[in-house]
Amino acid sequence: MKLLKLITVLCAICSGFLMTMPGSVFAAETQRVITVASDATWPPMEMIDENKNLVGFDIDFMNAVAKEAGFKAVIKNTAWDGIFAGVEGGKYDAIISSVTITDKRKKAMDFSMPYVNAGQVLVVPVASSAKVIADLKGKTLGAQIGTTGAMEIKKVKGVELKSYDEIGLTFEDMASGRLDGVVCDTPIAANYALQKESYKGQFKITGKPFTQENYGIVVKKGNKEIVDLINKGIKAVQAKGIDKELEKKWLQ
C-alpha cells in the first residue's frame, strides 16, 4: 500500500514538472517544419563553405526568421533551374535564394515582404575620393554587360563604360589599374571587394545602394498561411535589428 502511494506521488510530481517545463520535448515534437530551397552559388548570400556547410546572409536570415516566428527551417541546396518548379510542385515550402521581387514573378508566385535591398553600388580603389558615379567623369567604369550596373553608368555623361561578360573580370581590371570603378549588385560588391582574400584592402564600397532591387522569400502562389508566418518572423528580425547585424557580417 505504501509502495502504491509512493508511486502515485512520484507520478504526480513528474507530470507537473513536465507540464511546466519551458520549451519541453512536447513543444519540440510539435514544432512546424518548413522546407526551404536555396541555390548555394551566390556568395555571400548563399554558398557552401570549406566544411561543406550551407552558409551566407540568406541562410542566417532564414534561420533567424524561423526562430522568431516559431518554426524550424530545413534549408536544402537546390539547383536554380528547378528551384521554382520545386515550390510550385510542393517539393519545397519556400525559396530564399537572392530572388529579386519583380512584377512578372509576382504573377506566378507569392513573395514575403522585402528583406534586403540588393541594389547597385559603386566600388572604387581605397585611395579614390569618389562617392558617386558622377565623381568619375573622364574616367572608365566597368560593369557586366546587360546589367542594371551598366545601365546606371550609361546615364552619367562624361563617364566611359567598359562592359564585361563576367563580373569577376571587372575587379581584376580594377586591381590592375585599368578601371577607376565598378558598378554592381550589393552582394557581388561585398563578395569581391570585402570577402575575397586576393582583394582584401584594395577596394571600398561607397555609400548605400542607389537603386531599389529588393529580395523576397518565395512561396507558392496563394499560400497566404506561410507568407504570413514568414512575414511575422521578418518583422521581428527587423524590429530587433538582427538583419542589420547580418548585413554587417556578410555585406559590409
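Select E247 to start; in this predicted model its relative accessibility is 14%, so E247 counts as buried, the limit being under 20%. The residue sits in helix α10, which covers residues 242–250. Show what lies around E247: leaving out residues up to four places away in sequence, it touches F57, V116 and Q252. Next add F61 to the selection. F61 and E247 are 186 residues apart along the chain, yet their C-alpha atoms are separated by 9.6 Å.

Keep F61 displayed and select I96, since F61 is among the residues in contact with I96. I96 is in the loop between β5 and α5. Its relative accessible area is 0%, so I96 is buried. With neighbours within four places in sequence set aside, the contacts of I96 are V36, A37, S38, E46, D58, F61, M62, Y115 and I217. For a distance check, pick the C-alpha atoms of I96 and M45: they are separated by 9.4 Å, with the two positions 51 residues apart along the chain.

Now move to S97. This residue lies in the loop that runs between β5 (94–95) and α5 (103–106). Is S97 buried or exposed? S97 counts as buried, because its relative accessibility is 3%. Display its side chain together with the backbone of D39: the side chain of S97 reaches the backbone nitrogen of D39 at 2.9 Å. D39 is also listed among the residues that S97 touches, along with S38, E46, D58, W80 and I83, not counting residues up to four places away in sequence. S38, E46 and D58 appear among the contacts of I96 and among those of S97, and can be left on screen for both.

The last stop is a pair of helices. Select α7 (residues 167–175) and α8 (residues 186–195); their axes come within 11 Å and cross at roughly 40°. That angle makes α7 oblique to α8. The crossing of α7 past α8 is right-handed. Which residues of α7 and α8 meet? From α7 they are I167, G168 and F171, and from α8 they are I188, A189, Y192 and A193. By type, the residues of this contact divide into 6 nonpolar, 1 polar and no charged.

Finish by colouring α8 by burial. Of its 10 residues 8 are buried, so α8 is largely enclosed by the rest of the structure. The buried ones are T186, P187, I188, A189, A190, N191, Y192 and A193.

Definitions and conventions: Residues numbered from 1 in each chain as written. Predicted model: local features only at pLDDT ≥ 70, side-chain atom pairs only at ≥ 80, totals over all residues. Heavy atoms only, no water. Helix = DSSP H or I, 4+ residues; strand = E, 2+ residues; numbered from the N terminus. Buried < 20%, exposed > 50% of the residue type's maximum accessible area, 1.4 Å probe, protein only. Contact = heavy atoms within 4.5 Å. Polar contact = N/O pair within 3.5 Å; in protein donor to acceptor, adjacent residues only side chain to side chain. Axes fitted to C-alpha atoms, helices over the stretch in contact; angles between N-to-C directions. Parallel < 35°, antiparallel > 145°, perpendicular 65-115°, else oblique. Left-handed = near helix turned anticlockwise from the far one by under 90°. Nonpolar A, V, L, I, M, F, W, Y, C, P; charged D, E, K, R; others polar.
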